[in-house]
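Dear colleague,

I am passing on the structure we spoke about, together with some notes on what turned up in it. Please have it open while you read.

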Amino acid sequence: MSVRLVISPPKLSDVDITQASGHVESLTSISTAERRKRPSRGKVRKEGRRPKDVELEVEVKQDMKRLKGHAGGTGCVVWRTSLYFLEYLLPQLYFSSMPSLYPPLFNVEALQQANVLELGSGTGLVATFLAKFVRRWVCSDQLDCLKLISQNVSSLDPSNKTNIEIAEVDWLHSTPPPTEAYDLILCLDCVYNPNVIKGLVQTFDSQAEEGRTVICIVMEVRAEDVVGEFLETWLQNGKSDGNKVHWIVNRFDWGDGDGAGGKFVGWLGWKGKH
(Lines give C-alpha, C1' and ligand atoms only; values in the text may rest on other atoms or scores of the structure.)
Protein backbone atom coordinates (compact mmCIF):
# COMPACT_ATOMS: atom_id res chain seq x y z
CA MET A 1 0.00 0.00 0.00
CA SER A 2 1.34 3.42 -0.97
CA VAL A 3 0.54 6.26 1.44
CA ARG A 4 0.94 9.69 -0.13
CA LEU A 5 0.40 12.91 1.82
CA VAL A 6 0.56 16.45 0.50
CA ILE A 7 1.42 18.80 3.36
CA SER A 8 0.28 22.36 2.76
CA PRO A 9 1.40 25.35 4.84
CA PRO A 10 -1.24 26.86 7.13
CA LYS A 11 -3.06 29.93 5.97
CA LEU A 12 -1.22 33.04 7.08
CA SER A 13 -2.93 35.02 9.81
CA ASP A 14 -2.27 37.99 12.05
CA VAL A 15 -1.53 36.04 15.19
CA ASP A 16 1.51 35.15 17.22
CA ILE A 17 0.97 32.14 19.48
CA THR A 18 2.10 32.59 23.08
CA GLN A 19 4.08 29.67 24.45
CA ALA A 20 3.53 28.38 27.96
CA SER A 21 6.14 27.39 30.53
CA GLY A 22 6.68 24.12 32.37
CA HIS A 23 7.58 20.71 30.89
CA VAL A 24 4.06 19.43 30.28
CA GLU A 25 2.75 22.71 28.95
CA SER A 26 5.85 23.39 26.83
CA LEU A 27 5.47 20.02 25.11
CA THR A 28 1.79 20.67 24.40
CA SER A 29 2.64 24.20 23.24
CA ILE A 30 -0.01 26.13 25.18
CA SER A 31 -1.92 25.71 28.44
CA THR A 32 -5.03 23.55 28.35
CA ALA A 33 -7.14 26.51 29.44
CA GLU A 34 -6.29 28.11 26.10
CA ARG A 35 -6.68 24.92 24.08
CA ARG A 36 -9.92 25.75 22.34
CA LYS A 37 -10.77 25.66 18.69
CA ARG A 38 -10.62 29.39 18.24
CA PRO A 39 -8.06 31.87 16.95
CA SER A 40 -5.23 32.88 19.24
CA ARG A 41 -4.58 36.51 20.01
CA GLY A 42 -1.20 38.13 19.71
CA LYS A 43 1.07 40.34 17.69
CA VAL A 44 0.33 41.29 14.14
CA ARG A 45 2.53 39.63 11.56
CA LYS A 46 3.06 40.62 7.98
CA GLU A 47 2.31 38.04 5.35
CA GLY A 48 5.23 36.72 3.34
CA ARG A 49 5.60 34.41 0.38
CA ARG A 50 3.69 31.18 0.86
CA PRO A 51 6.01 28.12 1.02
CA LYS A 52 5.50 25.25 -1.39
CA ASP A 53 3.63 22.11 -0.45
CA VAL A 54 5.63 19.15 0.84
CA GLU A 55 4.86 15.83 -0.85
CA LEU A 56 5.52 12.67 1.16
CA GLU A 57 5.10 9.05 0.17
CA VAL A 58 5.91 5.74 1.85
CA GLU A 59 5.18 2.11 1.04
CA VAL A 60 3.44 0.33 3.90
CA LYS A 61 2.93 -3.40 4.15
CA GLN A 62 -0.32 -4.67 5.66
CA ASP A 63 -1.51 -8.12 6.70
CA MET A 64 -5.09 -8.53 5.51
CA LYS A 65 -5.11 -12.26 6.23
CA ARG A 66 -4.32 -11.68 9.89
CA LEU A 67 -7.00 -9.00 10.09
CA LYS A 68 -9.68 -11.42 8.92
CA GLY A 69 -8.55 -14.58 10.63
CA HIS A 70 -6.73 -13.70 13.83
CA ALA A 71 -7.99 -12.30 17.12
CA GLY A 72 -6.19 -9.04 17.79
CA GLY A 73 -5.27 -8.62 14.12
CA THR A 74 -6.78 -5.16 13.76
CA GLY A 75 -3.38 -3.54 14.17
CA CYS A 76 -2.04 -5.10 10.99
CA VAL A 77 -3.74 -2.63 8.66
CA VAL A 78 -3.78 1.15 8.27
CA TRP A 79 -6.82 2.86 9.79
CA ARG A 80 -8.05 6.29 8.72
CA THR A 81 -7.57 7.86 12.15
CA SER A 82 -3.81 7.67 11.64
CA LEU A 83 -4.06 9.28 8.21
CA TYR A 84 -6.30 12.11 9.44
CA PHE A 85 -4.06 12.76 12.43
CA LEU A 86 -0.97 12.93 10.22
CA GLU A 87 -2.73 15.35 7.90
CA TYR A 88 -3.56 17.49 10.94
CA LEU A 89 -0.17 17.39 12.68
CA LEU A 90 2.39 17.38 9.86
CA PRO A 91 1.66 20.93 8.62
CA GLN A 92 2.38 22.18 12.14
CA LEU A 93 5.76 20.42 12.11
CA TYR A 94 6.92 21.21 8.59
CA PHE A 95 5.80 24.83 8.76
CA SER A 96 6.31 25.53 12.45
CA SER A 97 7.84 28.96 11.84
CA MET A 98 4.69 30.23 10.17
CA PRO A 99 1.86 31.90 12.09
CA SER A 100 -1.30 29.85 12.30
CA LEU A 101 -4.92 30.61 13.00
CA TYR A 102 -5.08 27.92 15.70
CA PRO A 103 -2.62 26.87 18.43
CA PRO A 104 -0.31 24.01 17.41
CA LEU A 105 -0.71 20.77 19.33
CA PHE A 106 2.97 20.46 20.27
CA ASN A 107 5.87 22.83 20.80
CA VAL A 108 8.20 21.78 17.97
CA GLU A 109 11.42 22.67 19.80
CA ALA A 110 10.38 20.63 22.85
CA LEU A 111 9.28 17.77 20.60
CA GLN A 112 12.74 17.55 19.04
CA GLN A 113 14.12 16.50 22.44
CA ALA A 114 11.22 14.18 23.27
CA ASN A 115 11.35 10.50 24.09
CA VAL A 116 8.15 9.08 22.55
CA LEU A 117 6.29 5.81 23.10
CA GLU A 118 3.64 4.89 20.57
CA LEU A 119 1.16 2.31 21.85
CA GLY A 120 -0.56 0.03 19.36
CA SER A 121 1.75 1.02 16.50
CA GLY A 122 0.24 -1.61 14.20
CA THR A 123 1.98 -1.20 10.85
CA GLY A 124 4.39 1.46 12.10
CA LEU A 125 2.97 4.00 9.65
CA VAL A 126 2.88 6.93 12.09
CA ALA A 127 6.53 6.49 13.03
CA THR A 128 7.59 6.55 9.38
CA PHE A 129 6.26 10.10 9.12
CA LEU A 130 6.79 11.54 12.61
CA ALA A 131 9.93 9.94 14.08
CA LYS A 132 12.22 12.41 12.30
CA PHE A 133 10.77 15.21 14.46
CA VAL A 134 11.67 13.64 17.84
CA ARG A 135 14.79 12.42 19.62
CA ARG A 136 13.64 8.83 20.16
CA TRP A 137 10.54 6.97 18.94
CA VAL A 138 9.53 3.58 20.35
CA CYS A 139 7.00 1.63 18.28
CA SER A 140 5.19 -0.89 20.46
CA ASP A 141 2.51 -3.53 20.02
CA GLN A 142 1.76 -7.17 20.68
CA LEU A 143 4.52 -9.60 19.78
CA ASP A 144 2.73 -10.82 16.62
CA CYS A 145 2.70 -7.30 15.15
CA LEU A 146 6.36 -6.50 15.64
CA LYS A 147 7.55 -8.27 12.48
CA LEU A 148 5.27 -6.11 10.33
CA ILE A 149 6.46 -2.94 12.05
CA SER A 150 10.06 -4.00 11.53
CA GLN A 151 9.49 -4.60 7.82
CA ASN A 152 7.98 -1.16 7.31
CA VAL A 153 10.61 0.65 9.35
CA SER A 154 13.47 -1.18 7.62
CA SER A 155 12.24 0.06 4.23
CA LEU A 156 12.83 3.70 5.23
CA ASP A 157 15.82 5.73 4.18
CA PRO A 158 18.59 5.05 6.75
CA SER A 159 18.62 8.68 7.88
CA ASN A 160 14.92 8.47 8.83
CA LYS A 161 15.05 5.39 11.03
CA THR A 162 18.12 5.72 13.24
CA ASN A 163 16.03 6.85 16.23
CA ILE A 164 13.23 4.27 15.87
CA GLU A 165 13.07 1.31 18.26
CA ILE A 166 10.57 -1.55 18.36
CA ALA A 167 9.34 -3.10 21.60
CA GLU A 168 6.65 -5.48 22.80
CA VAL A 169 4.06 -3.79 25.01
CA ASP A 170 0.98 -5.93 25.59
CA TRP A 171 -1.69 -4.07 27.56
CA LEU A 172 -3.15 -7.29 28.90
CA HIS A 173 0.12 -8.09 30.66
CA SER A 174 1.98 -5.89 33.11
CA THR A 175 4.71 -3.73 31.58
CA PRO A 176 7.63 -2.57 33.75
CA PRO A 177 8.33 1.16 33.92
CA PRO A 178 10.70 2.46 31.22
CA THR A 179 14.40 2.84 31.98
CA GLU A 180 14.18 6.36 30.51
CA ALA A 181 11.03 8.39 31.18
CA TYR A 182 8.81 9.14 28.22
CA ASP A 183 7.90 12.72 27.37
CA LEU A 184 5.02 11.71 25.14
CA ILE A 185 2.86 8.61 24.84
CA LEU A 186 0.87 8.50 21.61
CA CYS A 187 -2.13 6.23 21.19
CA LEU A 188 -4.06 6.30 17.91
CA ASP A 189 -7.41 4.54 17.50
CA CYS A 190 -6.80 1.93 20.18
CA VAL A 191 -10.11 2.31 22.06
CA TYR A 192 -12.84 0.24 20.43
CA ASN A 193 -12.96 -2.95 22.51
CA PRO A 194 -14.12 -2.58 26.14
CA ASN A 195 -12.14 -5.69 27.10
CA VAL A 196 -8.81 -3.86 26.68
CA ILE A 197 -9.71 -0.59 28.41
CA LYS A 198 -8.49 -1.54 31.87
CA GLY A 199 -5.20 -2.86 30.53
CA LEU A 200 -4.64 0.23 28.38
CA VAL A 201 -5.22 2.58 31.32
CA GLN A 202 -2.90 0.53 33.53
CA THR A 203 -0.26 0.81 30.79
CA PHE A 204 -0.70 4.59 30.83
CA ASP A 205 -0.08 4.49 34.56
CA SER A 206 3.02 2.29 34.42
CA GLN A 207 4.66 4.15 31.53
CA ALA A 208 3.88 7.77 32.45
CA GLU A 209 5.92 9.85 34.88
CA GLU A 210 4.22 12.54 36.93
CA GLY A 211 5.06 16.07 35.82
CA ARG A 212 6.78 14.89 32.64
CA THR A 213 4.79 12.52 30.45
CA VAL A 214 1.95 13.75 28.25
CA ILE A 215 -0.47 11.22 26.82
CA CYS A 216 -2.05 12.06 23.48
CA ILE A 217 -4.89 9.78 22.44
CA VAL A 218 -7.05 10.18 19.37
CA MET A 219 -9.75 7.90 18.08
CA GLU A 220 -12.71 7.39 15.83
CA VAL A 221 -15.91 7.20 17.87
CA ARG A 222 -17.56 3.93 16.91
CA ALA A 223 -19.53 3.40 20.13
CA GLU A 224 -20.07 6.29 22.53
CA ASP A 225 -20.61 3.97 25.50
CA VAL A 226 -17.14 2.46 24.98
CA VAL A 227 -15.56 5.91 24.81
CA GLY A 228 -17.42 6.92 27.97
CA GLU A 229 -16.24 3.80 29.78
CA PHE A 230 -12.66 4.47 28.72
CA LEU A 231 -12.70 8.06 29.96
CA GLU A 232 -14.29 7.11 33.28
CA THR A 233 -11.74 4.34 33.81
CA TRP A 234 -8.86 6.65 32.95
CA LEU A 235 -10.02 9.44 35.27
CA GLN A 236 -10.74 7.09 38.15
CA ASN A 237 -7.46 5.19 37.89
CA GLY A 238 -5.34 5.66 41.00
CA LYS A 239 -8.12 7.15 43.14
CA SER A 240 -9.44 3.94 44.63
CA ASP A 241 -6.24 3.15 46.53
CA GLY A 242 -5.93 6.61 48.06
CA ASN A 243 -3.14 7.62 45.70
CA LYS A 244 -2.49 11.36 45.79
CA VAL A 245 -1.68 11.33 42.08
CA HIS A 246 -4.59 11.64 39.67
CA TRP A 247 -5.06 12.12 35.94
CA ILE A 248 -5.74 15.50 34.36
CA VAL A 249 -7.46 14.97 31.02
CA ASN A 250 -8.53 17.59 28.51
CA ARG A 251 -10.15 17.18 25.14
CA PHE A 252 -8.58 18.98 22.18
CA ASP A 253 -10.01 19.72 18.76
CA TRP A 254 -8.19 18.51 15.69
CA GLY A 255 -9.34 19.00 12.13
CA ASP A 256 -13.09 19.31 11.89
CA GLY A 257 -13.67 16.39 14.22
CA ASP A 258 -15.59 14.64 11.47
CA GLY A 259 -14.54 13.08 8.22
CA ALA A 260 -15.60 10.38 5.78
CA GLY A 261 -18.73 9.68 7.79
CA GLY A 262 -16.92 9.25 11.12
CA LYS A 263 -16.43 11.33 14.23
CA PHE A 264 -12.91 11.79 15.57
CA VAL A 265 -11.89 13.05 19.00
CA GLY A 266 -8.67 13.54 20.95
CA TRP A 267 -7.50 14.02 24.54
CA LEU A 268 -4.31 15.14 26.26
CA GLY A 269 -3.66 13.81 29.74
CA TRP A 270 -0.98 13.79 32.42
CA LYS A 271 -0.55 12.91 36.06
CA GLY A 272 -1.14 15.60 38.67
CA LYS A 273 -1.65 15.84 42.42
CA HIS A 274 -4.88 16.31 44.35
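A residue is called buried here when its relative accessible area is under 20%, and exposed when that area is over 50%. By that cut-off, buried residues account for 51% of the 274 residues in the chain. Please bear in mind throughout that this is a predicted model.

As for the overall picture, the chain holds 8 helices and 10 strands, and its accessible surface comes to about 13900 Å², with 48% of that area belonging to carbon and sulfur atoms. Of the contacts between residues at least 6 apart in sequence, 75% join residues that are at least 24 apart.

One such element to look at is helix α7, which spans residues 197-207 and whose buried residues are Ile197, Gly199, Leu200, Val201, Thr203, Phe204 and Gln207. The cover over these buried residues includes the strands β3 (115-119), β6, β7 (214-220) and β8, as well as helix α8. In the loop between α8 and β8 (245-252) lies Asn237, which counts as buried because its relative accessible area is 19%, under the 20% limit. Once its neighbours within four places in sequence are set aside, Asn237 is in contact with Val201, Asp205 and Trp247, and Val201 is itself one of the buried residues of α7.

The loop that leads from β6 (184-188) to α7 contains Asp189, which is buried, since its relative accessibility is 9%. The backbone deserves a look at this point, as the phi of Asp189 is near 55°, a positive value in a residue other than glycine. Most residues other than glycine have a negative phi.

Turning to the surface, Glu224, Asp225, Glu229 and Glu232 gather there in a patch of negative charge. Glu224 belongs to helix α8, which runs over residues 224-236, and it counts as exposed because its relative accessibility is 61%.

Lastly, is Glu55 buried or exposed? With a relative accessible area of 56%, Glu55 is exposed, and its place is in strand β2, made up of residues 54-59. Not counting residues up to four places away in sequence, Glu55 nevertheless touches Arg4, Leu5 and Val6. The C-alpha atoms of Glu55 and Leu5 are separated by 6.0 Å, although these two residues are 50 apart along the chain.

With best wishes

Technical notes
Residues are numbered from 1 along each chain as its sequence is written. This is a predicted model: local features need pLDDT of at least 70, side-chain atom pairs count only at pLDDT 80 or more; totals for chains, interfaces and linings use all residues. Side-chain values use heavy atoms; hydrogens and water are left out. Patches are made of residues with over 30% relative accessible area and no salt bridge: like charges are joined within 9 Å, nonpolar side chains (Val, Leu, Ile, Met, Phe, Trp, Tyr) within 5 Å. Accessible areas come from the Shrake-Rupley method with a 1.4 Å probe; for residues, only the protein chains shown count as cover. A salt bridge is a side-chain nitrogen of Lys or Arg within 4 Å of a carboxyl oxygen of Asp or Glu. Lys and Arg count as positive and Asp and Glu as negative; His and the chain ends are not counted. The place of a charge is taken as NZ of Lys, CZ of Arg, CG of Asp or CD of Glu. Helices (H or I, at least four residues) and strands (E, at least two) are DSSP runs, numbered from the N terminus. Buried means under 20% relative accessible area, exposed over 50%, partly exposed in between (1.4 Å probe, protein chains only). Contact means heavy atoms within 4.5 Å.
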